[in-house]
Amino acid sequence: MRFWDEVFQDISKNYDGIETQSIHIDTLSAYLVSKPHAFDVIVASNLFGDLYNQS
């Protein structure tokens, strides 16, 4: 998802006060199990974002 990463990095430059990072989806899945408190907001493409739908 190179395009997604490029757009995310470009837009995040407009928000200096917000810390961002890109994490591979497999690594993110492990972090969500082991360190769920480490995330405030997760921004993801539709391809992977719907994996964590809480509805």
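**Close-ups of a predicted three-helix model**

**View 1. The largest pocket and what sits around its centre.** About 950 Å³ of space lies in the largest pocket. Its lining takes in 28 residues, and the ones closest to the centre are Phe8, Gln21, Ser22, Ile23 and Val43. Looking at which elements give two or more residues to that lining, you get helix 1 and helix 2 (25–34). Helix 1 gives the most, with five residues. Sorted by class, the lining of the largest pocket comes out as 18 nonpolar, six polar and four charged residues. Keep in mind throughout that this is a predicted model.

**View 2. The whole chain, for orientation.** Here's the overall picture before zooming back in. The protein has three helices and zero strands, so its pattern along the sequence reads α-α-α. Of the 55 residues in the protein, buried ones make up just 7%. The accessible surface of the protein adds up to about 5,000 Å², and carbon and sulfur atoms account for 52% of that surface.

**View 3. A nonpolar patch on the surface.** Which residues form the nonpolar patch on the surface? They are Met1, Trp4, Val41, Val43 and Leu47, with about 520 Å² of accessible area together. Val43 turns up again here, having already appeared among the residues closest to the centre of the largest pocket. Trp4 is the patch member to pick out in helix 1, which covers residues 2–12.

**View 4. Trp4 up close.** Is Trp4 buried, partly exposed or exposed? Trp4 has a relative accessible area of 31%, so it counts as partly exposed. Patch residues need over 30% relative accessible area, and Trp4, at 31%, therefore clears that cut-off. Now bring Ala44 into the frame: Trp4 and Ala44 are 40 residues apart in sequence, yet their C-alpha atoms are 8.7 Å apart in space.

**View 5. The salt bridge in helix 1.** How many salt bridges does the count come to? The tally is one salt bridge. Glu6 pairs up with Arg2, and the closest N and O atoms are 3.3 Å apart. That is within the 4 Å cut-off, so the pair qualifies as a salt bridge. The two residues are four apart in helix 1, which means about one helical turn separates Glu6 from Arg2.

**View 6. How open the salt-bridge partners are.** Same pair, this time with an eye on accessibility. Glu6 is partly exposed, its relative accessible area being 44%. Arg2 has a relative accessible area of 66%, so it counts as exposed. The line between the two classes is at 50%: Arg2 is over it at 66%, while Glu6 falls in the partly exposed class at 44%.

Conventions. Residues are numbered from 1 along each chain as its sequence is written. This is a predicted model: local features need pLDDT of at least 70, side-chain atom pairs count only at pLDDT 80 or more; totals for chains, interfaces and linings use all residues. Side-chain values use heavy atoms; hydrogens and water are left out. Patches are made of residues with over 30% relative accessible area and no salt bridge: like charges are joined within 9 Å, nonpolar side chains (Val, Leu, Ile, Met, Phe, Trp, Tyr) within 5 Å. Accessible areas come from the Shrake-Rupley method with a 1.4 Å probe; for residues, only the protein chains shown count as cover. A salt bridge is a side-chain nitrogen of Lys or Arg within 4 Å of a carboxyl oxygen of Asp or Glu. Buried means under 20% relative accessible area, exposed over 50%, partly exposed in between (1.4 Å probe, protein chains only). On a 1 Å grid over the protein atoms alone, a cavity is a set of points where a 1.4 Å probe fits but cannot get out, and a pocket is an open set with protein on both sides within 12 Å along at least five of seven lines; lining residues have an atom within 4 Å of a point. Grid points are joined across faces, edges and corners, and a volume is the space filled by probe spheres set on the points. Ala, Val, Leu, Ile, Met, Phe, Trp, Tyr, Cys and Pro count as nonpolar, Asp, Glu, Lys and Arg as charged, and the others, Gly among them, as polar.
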